[in-house]
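Visitor: I would like to learn how to read a model of a protein complex step by step. Could you take me through this one?

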Amino acid sequence: MTGVMIVLIIGALGVIGWIIARARATRLQAEVGRLATNSRPTQHGWYVALWTMLPAFAFLAVWANVMPALIADSVLATPAAQSLPTDDFSRNAILAEAQSIATGSQAAAFNPQATELVEPYRVATTRYSTMGAILAAILAFACGAYALSRVRPAFTARHRVEKVVMWSLLGASLIAIVTTAGIVASLVFESMRFFSMVNPFNFLFGLNWSPQSAAMGYGNEDAFGAVPLFWGTIFIGAIIAMIVAIPLGLMSAIYLTQYARPTTRKWMKPILEVLAGVPTVVYGYFAALTVAPALRSLAVSLGISNASSESALAAGLVMGIMIIPFVSSMADDSIAAVPQSMRDGSLAMGATTSETIRKVLIPAALPGVVGGVLLAVSRAIGETMIVVMAAGLAANLTLNPFSSVTTVTTQMVQLLTGDQEFDSAKTLAAFALGLVLFVVTLLLNIVALRVVKKYREAYE
Amino acid sequence: MSGETVLDRAAASDRAERVPTDWRGDAMKRRIARRYAAERRFRLWGMAAVLVSAGFLAFLLISMMGNGLRGFTQTEVAVPIDFPRSPALIDPAVLATNPEQALASANLPAVLEQATREAFGLPETQILSPNAVLTLRKAIISDPTILQRKATVNLPASTGLDVAMKSDGTPADEALVAKLGDAGALSTAFNIGFLTGSDGTDPTMVGIWGALKGSLITMVITLALSFPIGVFAALYLEEYAPRNRWTDLIEVSINNLAAVPSIIFGLLGLAIFLNVMHLPRSAPLVGGMTLALMTMPVIVIAGRNAIKAVPPSIRDAALGIGASPVQVVFHHVLPLALPGILTGTIIGMARALGETAPLLMIGMRAFVSQPPGGFTDPATVLPVQIFLWSDEVGRGFIEKTSAAIIVLLAFLLTMNSIAIFLRNKFEKKW
C-alpha cells in the first residue's frame, strides 16, 4: 500500500463523513426547526470531516518517522542479517543499498550481502506499511464515528470548526517566525563549528583567502581571511553597481514623474520594471558572454595589459542595470510623497521645473531616496548569479575595476557545490560567510526602513 | 560684464530706492536663456536615463534572440544510404513485430559510417551528430521499405558542422560546409529534439524538456505550500491578530524574510532539509520547499495589501446580520481580495521560477539526463540548466543556452503580463 493511496483513502473517508454528517444534521434541522439548531448542516459536516482526517494524518506523520527504524530492526533480526559486518558505517551502507533495491530506485546491488537483504526488507516494509495503513484507517473510522455521534441540534459544531480554522491561521503566520529562527539557528550553529576550527578574528580581518589550500591540509588559520571577499562584494555591489544605478534610476524616476506624458509613463514604467523581473542567471550569462569580453577589449585598447576576462566592472555594470528599477521606484515614491504645495510654491516664485526638482523636490525627498539606495545596496550584495558567472574566483584586494575579484556569494557557491564532507572547515566557511551576509543585509534593511519611515512622518 | 551690471544695480537698490528690474535687458535675457538651457539639459538627461535603461533591456533581449533563435534550428545532412549493400543486420520478421529490438542490434553506426565514407569520403563522426542513429532508426520504423532500396535520409549534422553552418566555425568545418553545401546536401530544419530532450554531452543532442518538467514540478510544490500558508498568514495578521509583541514579531520576521538574500534560503534548505531531515538531494521536493519559504513573504505582503483594500463596511454588514468572524472572512473578504492576492502570487512565482542560487545550494546542479518522474527524482530546473550550459566550453552550447533563456523569458513575461492584466481587470475603486 503506497503512501498516496492511504492518504487518498483517508481523504475519501473524510468526504464520506462530511456527507453523512451533513445529511444527518439536515434531517435533525427539519425535525426540530431551524432556530433550535446551533450550527448549519455544513458546519456539522466539516466538524466530522476534520475529526476523521486530522488524527489519522497526525498518526501517519508520526508513523512515517518511526517506520524506518522499525523496518531496520526487523531486518537486522532476520537470519540473513547475522553475517553483516559489525561496524555501523558499512552495515548501514549495505542496509541502504538493500532499501533502495527494495523500493525500486536501484536495479542491482554492488554488494552481494545487500541482495540477500532485499527480500526481508520488502517483507518488513510491506508489513509495517500495511500495519500503519490499517491503524490509520481504524483511527479515522473511530474518530469519525465519535464525531458523528455528537451531531445534535444544540451541538456547537460551528464554534469548534472555527477554532480549528483560527489555529491553522495562527500556525500559518508562525511559519515566518519558524523560518527566521531556522535561518538564524542553522547559520549560527554551523558557524560555531567553523569558528571552533578558525579564529573569528582571523576570519573577519585576515587578508588571505585560499580555502583550497586549507582543504589540502596546509592548516586553517591563515587560509580563511575574508577581507578580500568583503572588499570584492562592496566594490561590485555598493560602488560600481551604484555608480550605474543611482544616476540612471534617479533621473528615470524624475523624468517619468515630472516630465513624461501620461502615456509615456504608462508604457515606460512597466518596461523598466521588467529589468527587475529578468532572472539573474540571464544577467549573469549576458555579463559573461557579451559585456565582459567587450570590457576586456576596451581595457586592452586603453593600454591596460592585465585586464581579466572576468572583471569586477562587467559584474558591477550589469548588476547596476538590474538594480535600476529598485532605485527608480523608491525615488518615484518619495518624490510623489513631497507635498504638491512645496512644488507649486517653488514654481510660483519663478523657478524652472528643473530648479524646482533640484532645489526643492530632491532635498525634500532625500531621506526616501537614501533609504531606497540602501535597500538596493542590500540587494546587490546578496545577489549571487551575476557575480558567480561574471566576477571571477580570484580573491584580489584591488581597486582596478578591470581585474577579477570575488565576492561573498560567489565563494559560498564555490564552497558548497563540490563533493566534500560537512565537517571540514572549507564547507563550514560558507555558513560563516552566510551569517555575515545575513547580518549585514539585515542591518542595511533596518536602517533603510528607519530612514524611510522617519521621513514619511515629517509630512503627515 | 553682465554680472557687474546686476551687482551694481543690487548695490544701488540698497543705497537708494529700488530700481525696477530690467526684465528686457541683455543681462536678464542671457540669464534666462542660460536657465532655460539648463532646464532643457536636465530634461534631456532624464530622457537619456530612461532610454539607456530601456535600451539596455532591448539590447539584452535582441542579443539573446540573435544567439538563441538558431538554437531552435538544426543543420541536417542529406546522406544517401544504399541499404541492400550496407552492413545492416536487420531481421525483417522481427522488424515487423518488435522494431525497437530489431534495430537495437542492427549495427546502424556501421551503416552510417559506410554511407558517409561512400558519399563524402569522410568518417561518420565528423559529419553527423551522435543523435543521427536515433533519427535513422525512426526513419526506418516509419517506412521499413527503404531497407530494400537506396534512399537519401536527412540526418542531424555534427556540432562543428552545425556551428560552421550557422556562424563562424573552425576552418576545417567551414571547408566541410562549403564542400557539402556545393553538393547540395545541407539543409536547416526545426530542431524538435530541443523541445523534447534533456541534458546531454553533445550540444546537438540536448533539449530543455527535462529542465522544464523539473521546473514545473518544483513550481507545483512551491505553489502548494506557499499559497495557502501565505494567504492564511495574511488573513490572520490583517483580520484577527491582536496588537501585541507576538504579532509584531511575526510582522517583522515576514518583512525581514522578504529582504533576505535568496542564497541564504539555500543554506537553510541545505542545513535543515538535507542535513537534518535527510530528504533526497537534487529533488524537486526540496527545491520546491526552499523556494516556498522564499515566496511566502511575497504572498503575505501582497495578500495583506489586498485584504486591507476591502472596505470595512462589507465586514460590518456581514457581522451585522450574524455572521461569525470566520464566515465574514471566508465568505466575503477573501473572495473580494482574491484578485489582488493572485497578482502577488503570480509575481512571487515568477521570481521563484527564475531563481537559481538557492537551488545550487541544495544540489540541483547535477547532470540529469532524464526528465524527473516524481517529486523525489533527481531533477534540474530551467535557470540551473542555463547556468550549467553556460559553463560548457563547446561553441554549440552558446546558442542552446540562449535558446533556453528565450524559453525562460517567454514564461516569465507571460506570467508578468497575466499579473498586470489581472491587476488592471480587477482593480476596484470602492
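Guide: What follows goes from confidence, to the interface, to single residues.

Visitor: Where should I begin, and what is the mean pLDDT of each chain?

Guide: Begin with how far the coordinates can be trusted, since this is a predicted model. Chain A has a mean pLDDT of 85, with 92% of its residues at 70 or more, while for chain B the mean is 84 and 95% of the residues reach 70 or more. For the complex as a whole, the predictor gives an ipTM of 0.86 and a pTM of 0.86.

Visitor: In which helices of chain A is confidence lowest and highest?

Guide: In chain A, confidence is lowest in helix H7, residues 211–215, where the mean is 70, and highest in helix H8, residues 227–259, where the mean is 93.

Visitor: How many residues are in contact between chain A and chain B, and what area is buried?

Guide: An interface can be read first by its residues and then by its area. Here 72 residues of chain A are in contact with 71 residues of chain B, and the area buried between the two chains is about 6,400 Å², with carbon and sulfur atoms giving 78% of that area. Within chain A, the residues that lose the most area to chain B are Leu169(A), Tyr285(A) and Phe286(A), which together make up 10% of what that side buries.

Visitor: Which salt bridge and how many polar contacts are found between chain A and chain B?

Guide: The count of salt bridges between the chains is 1, and the side chains that meet in a salt bridge are those of Arg35(B) and Glu355(A), at 2.9 Å from N to O. Polar contact across the interface is found for 9 residue pairs, both residues being at pLDDT 80 or more. On the side of chain A that touches chain B, helix H5 of chain A, residues 157–197, gives the most, with 19 residues. The residues of that side divide into 46 nonpolar, 21 polar and 5 charged.

Visitor: Turning to single residues, is Ser378(A) buried or exposed, and what is it in contact with?

Guide: The general idea is to compare relative accessibility with a cut-off, buried meaning under 20%. Ser378(A), in helix H13 of chain A, residues 353–382, counts as buried because its relative accessibility is 5%. Beyond its neighbours within four places in sequence, Ser378(A) is in contact with Thr441(A), Leu444(A) and Asn445(A).

Visitor: Which backbone angles deserve a look in the loop between H13 and H14 of chain B?

Guide: One can look there for a positive phi in residues other than glycine. His278(B), in the loop between helix H13 (262–276) and helix H14 (284–308) of chain B, has a positive phi of about 55 degrees although it is not a glycine. Ser282(B), found in the loop between H13 and H14 of chain B, has a positive phi near 60 degrees. His278(B) is exposed, with a relative accessible area of 62%, whereas Ser282(B) counts as buried at 9% relative accessibility.

Visitor: What does the side chain of Arg315(B) reach, and is Arg315(B) buried or exposed?

Guide: Arg315(B) is found in helix H15 of chain B, residues 312–320, and counts as buried because its relative accessibility is 14%. The side chain of Arg315(B) reaches the backbone oxygen of Val310(B) at 2.9 Å. Setting aside neighbours within four places in sequence, the residues in contact with Arg315(B) include Glu239(B), Ile307(B) and Val328(B).

Terms used:
Residues are numbered from 1 along each chain as its sequence is written. Chains are lettered from A and ligands numbered from 1 in the order in which they are written. Side-chain values use heavy atoms; hydrogens and water are left out. Contact means heavy atoms within 4.5 Å. Buried area is the accessible area (1.4 Å probe) that two parts lose on being put together, summed over both. A salt bridge is a side-chain nitrogen of Lys or Arg within 4 Å of a carboxyl oxygen of Asp or Glu. A polar contact is a pair of N or O atoms within 3.5 Å; within protein, one must be able to donate a hydrogen and the other to accept it, and residues adjacent in sequence count only if both atoms are side-chain atoms. Helices (H or I, at least four residues) and strands (E, at least two) are DSSP runs, numbered from the N terminus. Ala, Val, Leu, Ile, Met, Phe, Trp, Tyr, Cys and Pro count as nonpolar, Asp, Glu, Lys and Arg as charged, and the others, Gly among them, as polar. pLDDT is the predictor's confidence in each residue, from 0 to 100. Buried means under 20% relative accessible area, exposed over 50%, partly exposed in between (1.4 Å probe, protein chains only).
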